[in-house]
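Here are some short exercises to work through at your own pace. Have a look at the model first, then try each task before reading its solution.

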Amino acid sequence: MITKILDVSEEPINIEYIRQASEILKNGGLVAFPTETVYGLGGDATDKEASCKIYAAKGRPSDNPLIVHIAKFEQLQQISKDLPKTAKLLADAFWPGPLTMVVNKNQVIPYETTGGLDTVAVRMPNNPVALALINESGCMIAAPSANTSGRPSPTKASHVYEDLSGKIEAILDGGPVDIGLESTIVDLTEDVVTILRPGYINMDMLSEVVGEVRMDPGIVYNDKGTTEGAKPKAPGMRYKHYAPKADLTIVDGSEDKVITTINQLSKEATAKGKRVGVIATSATAGRYNDAKVLIIGDRADEQSIAHNLYDILRQFDELDVDVIYSESFATPKMGQAIMNRLLKAAGQKTLKV
Ligand code: TXA
Ligand code: MG
């Protein structure tokens with residue numbers, strides 16, 4: 001099939017393109033669309049065949065559930081049961097926005113969409129194209145990130161095209177996304193609100209609304225790179241994800257030590273005939289030798305780091321480097337989310353200096 005690219009990056013949004021995309025969804029087809037976090041690969045969430053097509057297009061294991069995207073709070077009520085009061089509080093505080101809530105499901109959403117689970121993950125995206133598509137199609141849209149399984153999530157329509165061209169009907173190109181990391185996922189099915197995947201909405205922001213919040217012990221790593229707790233509750237957090245083709249190591253410590261160590265490692269690798277990449281900030285980039293250096297952003301502007309992370313990982317894939325050394329980015333607000341993704345890309349490999 002030929003994947004149509006529908007350009008909706010200019011305001012006002014081209015409603016004709018939204019209609020075309022809506023028709024595809026209503027007929028059981030797939031459309032990639034922008035959200036404020038990353039691009040999603042959408043299908044009708046109530047159509048089990050559409051969900052199966054999503055897994056096939058991504059090459060994703062079918063036990064890894066999809067997020068259902070909605071445009072009105074009532075749609076959450078339509079598909080859930082035993083909805084706790086915290087859902088309304090969190091929706092009032094953060095929707096539309098980068099927060100996904102896991103709640104008990106009723107029969108409206110099929111098991112194909114939830115990977116066989118009795119719970120469903122739901123979010124209301126804060127992006128005008130996404131909301132227009134949900135409203136115009138009348139569909140609740142099941143959408144994982146629109147990348148091939150195992151590749152970095154797409155933050156631009158061109159990333160989606162690289163991975164899924166020929167496999168889906170259309171891509172709504174809404175320009176580069178805003179945040180660049182996937183939504184925070186919270187589980188509301190237990191007594192205490194639990195973070196299953198860190199994101200832009202951090203623990204402090206959640207606590208202000210609902211009081212006690214805990215982190216899924218399955219995603220808290222110790223210095224040895226292992227978790228104390230059981231396996232992560234979100235199935236997707238169990239897989240090695242966001243993996244660049246090159247071998248990535250994070251080097252953590254004071255700025256000068258990090259730069260000296262990376263330069264030394266780069267020199268050794270280059271001597272062995274390896275191509276080296278370094279992930280640096282605008283302030284440090286000029287101090288690296290023997291490597292292809294890419295600037296992720298400005299350390300004082302953590303949103304820039306989140307915004308560029310996946311694009312940089314994809315760029316290194318194209319540059320065909322063999323090893324990548326990265327500085328660490330444990331920034332104040334989004335640091336947990338940024339490091340969660342970077343550590344996954346590195347298979348938890350960190351060198352403390
Ligand atoms: O920002 C986002 O959340 C993006 C955009 C497109 O909305 N979507 C996204 O979807 O990141 P995906 O499929 O790449 O990641 C969904 C994550 C997976 O880790 C999955 O295992 C988890 O959500 N998940 C989905 N339903 C769940 C459930 N019922 N219980 C626990 N985890 C669930
Ligand atoms: Mg994903």
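## Exercise 1: Overall build

The secondary structure of this protein, a predicted model, comes to 10 helices and 16 strands.

Task: Work out why the protein counts as being as compact as a globular protein of its length.

Solution:
- Start with the radius of gyration, which is 20 Å.
- Next, take the globule rule, which gives 20 Å for 353 residues.
- The two values are close, so the protein is as compact as a globular protein of that length.
- For the outline, the C-alpha atoms fill a box of roughly 60 × 45 × 35 Å along the principal axes.

## Exercise 2: Inside and outside

Task: Find what share of the residues is buried, and what supplies the exposed area.

Solution:
- Of the 353 residues, 56% are buried.
- The exposed surface comes to about 15,000 Å², with carbon and sulfur atoms supplying 49% of it.
- Turning to contacts with a separation of 6 or more, residues 24 or more positions apart account for 68% of them.

## Exercise 3: The cysteines

Task: Decide how many disulfides the model has, and say why Cys-139 is not bonded to Cys-52.

Solution:
- Recall that a disulfide is a covalent bond between the sulfur atoms of two cysteines.
- The cut-off for such a pair of sulfur atoms is within 2.5 Å.
- By this rule the count is 0 disulfides.
- Cys-52 is in no disulfide, and its nearest cysteine sulfur, that of Cys-139, is 16 Å away.
- From the Cys-139 side, the closest cysteine sulfur is in Cys-52, and 16 Å is too far for a bond.
- As for their surroundings, Cys-52 is partly exposed because its relative accessibility is 40%, whereas Cys-139 is buried at 6%.

How values were computed. Residues numbered from 1 in each chain as written. Chains lettered and ligands numbered in written order. Predicted model: local features only at pLDDT ≥ 70, side-chain atom pairs only at ≥ 80, totals over all residues. Heavy atoms only, no water. Helix = DSSP H or I, 4+ residues; strand = E, 2+ residues; numbered from the N terminus. Rg over C-alpha atoms; globule rule 2.2 N^0.38 Å. Buried < 20%, exposed > 50% of the residue type's maximum accessible area, 1.4 Å probe, protein only. Contact = heavy atoms within 4.5 Å. Areas by Shrake-Rupley, 256 points an atom, 1.4 Å probe, with all protein chains shown as cover.
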